[in-house]
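Grab a coffee and open the model in your viewer. Below are some short exercises, each with a worked solution to follow along with.

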Amino acid sequence: DIYNLCSGMCKYCFSFFGKANNPSIDRDGFKAKSINVDRLINIFEGKEPENPYYKYFVKKRKILHIGGLADNFCGFERKNMLGFKFIEYLLKTKYPTVISTKFLFLDNPKYKEIFEKYKDNNKMAIQASIITGEEDLAKKIEVGIPSVKSRIEQLKELKKMGYYVVLRLRPFLVGVSDVNLEEFLNSCNFVDAISTEFYCLEGRTNTEDNKRNNWMGNVCGFDLIDYYNKLSPTTRGTYKRLN
């Protein structure tokens, strides 16, 4: 990921829960930082042949996932455009890549130009992360994220260009994601694939974590923490998942 943080403020953010419980992180607040894009490209170019990322990952053409712990197209990118050079490099070189994003980027003329220019690239898949087709429910959970409709429209546009597109229906929140689910899936029947996973609840929580889980529980309609405590296998420890 280009940035260490995301401006989206989604209540379920897995990355936030991990960072909020990391004692090495400044308690006065997270500070946004970016990676060195020029050095990253040099690594991909093999200019650091002993770099472990190159030796065990890039050299073997392992699939790169962008957007796992911070969204590459969030507000930080819209303002700074630090990731643009790297995305253009990946498109140009046809490096096998999966991009997961909740944000829009084709509304940016520079990004639209390169995705159009390299649309014959068959080595990139784009996943739109959407937890529900219900705009009002989505806005309560995905606080700083563009509308569901706009994300679906962007995915349609990418599909028309020839990109492999995926509906990333995750995390699947019971009480939110299942509302009018069939109708939502029908509206996304153009996608090449669907990825889904139940929301996972981290039991090692602090005050802010609990606020977020309680907020989501109110939206879902039940006590989220109690629900996961009862249904998650005890063998999984503090990382609670549904069967």
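## Exercise 1: Two neighbouring helices

The axes of α5 and helix α6 (residues 109–117) come within 10 Å of each other and cross at roughly 10°. Work out how the pair is oriented, and which residues meet where the two helices touch.

**Solution.** Start with the angle: α5 and α6 cross at roughly 10°. Anything under 35 degrees counts as roughly parallel. So α5 and α6 are roughly parallel to each other. Now for the contacts: from α5, the residues involved are Phe84, Ile87, Glu88 and Leu91. They meet Lys110, Tyr111, Ile114 and Phe115 of α6.

## Exercise 2: How far to trust it

This is a predicted model, so check the confidence before going on. What is the average pLDDT, and which elements have the lowest and highest means?

**Solution.** Begin with the whole protein: pLDDT averages 91, and 94% of the residues score at least 70. Then go element by element. Helix α1 (residues 14–20) has the lowest mean, 66, while helix α8 (residues 148–161) has the highest, 98.

## Exercise 3: Lay out the sheet

Find the strand order of the five-stranded open sheet, and say which strands sit at its edges.

**Solution.** Trace the order: β1-β2-β3-β4-β5, with parallel pairing. At the edges are β1 (64–66) and β5 (193–198), each of which pairs on one side only. On average, neighbouring strands are turned by 20° against each other, ignoring direction.

Next, look at the pairings of β3. With β2, strand β3 pairs in the parallel sense over five bridges, and Ile99 stands opposite Ile126 in β3. Strand β3 (residues 124–129) also pairs with strand β4 (residues 164–172), again in the parallel sense and over five bridges. There, Ser129 has Arg168 in β4 as its bridge partner.

One more stop in β4: Pro171 belongs to this strand. The peptide bond leading from Arg170 to Pro171 is cis, with omega near 0°.

## Exercise 4: Buried or exposed?

Decide whether β3 is enclosed or open, and sort its side chains by direction.

**Solution.** Recall that in a regular strand the side chains alternate between the two faces of the sheet. In β3, Met124, Ile126 and Ala128 point one way, and Ala125, Gln127 and Ser129 point the other way. Both sets are buried. Six of the six residues of β3 are buried, so the strand is largely enclosed by the rest of the structure.

Now try Thr97, which sits in strand β2 (residues 97–101). The cut-off for buried is under 20% relative accessible area. Thr97 has 2% relative accessibility, so it counts as buried. Beyond its sequence neighbours up to four places away, Thr97 touches Leu64, Ile66, Leu90, Lys123, Met124 and Ala125.

## Exercise 5: The core

Which residues touch the most other members of the largest nonpolar core, and which helix gives the largest share of that core?

**Solution.** The core has 63 residues. Those touching the most other members are Phe44, Phe86, Ile87, Leu90, Phe115, Leu158 and Tyr163. Helix α5 (residues 84–93) supplies the largest share, six residues.

Zoom in on Tyr163. Setting aside neighbours within four places in sequence, its contacts include Leu91, Ile114, Phe115, Tyr118, Met124, Ile126 and Leu158. Among its other contacts are Lys119, Asn121 and Asp192.

## Exercise 6: Buried spots outside helices and strands

Find out what Gly8 and Asn72 touch.

**Solution.** Gly8 lies in the segment before α1 and has a relative accessible area of 0%, so it is buried. Not counting residues up to four places away in sequence, Gly8 touches Phe103, Val143, Gly144 and Ile145. Its C-alpha atom is 7.0 Å from that of Glu142, although the two residues are 134 residues apart along the chain.

Asn72 is in the loop between β1 and α4 (75–80). With a relative accessible area of 2%, Asn72 is buried too. Its contacts, leaving aside neighbours within four places in sequence, are Ile2, Tyr3, Ile66, Glu77, Ile87 and Tyr111.

Methods. Residues numbered from 1 in each chain as written. Predicted model: local features only at pLDDT ≥ 70, side-chain atom pairs only at ≥ 80, totals over all residues. Heavy atoms only, no water. Core = buried A, V, L, I, M, F, W, Y, C linked by side-chain atoms within 4.5 Å. Buried < 20%, exposed > 50% of the residue type's maximum accessible area, 1.4 Å probe, protein only. Helix = DSSP H or I, 4+ residues; strand = E, 2+ residues; numbered from the N terminus. Contact = heavy atoms within 4.5 Å. pLDDT = per-residue confidence, 0-100. Pairing = 2+ DSSP bridges. Axes fitted to C-alpha atoms, helices over the stretch in contact; angles between N-to-C directions. Parallel < 35°, antiparallel > 145°, perpendicular 65-115°, else oblique.
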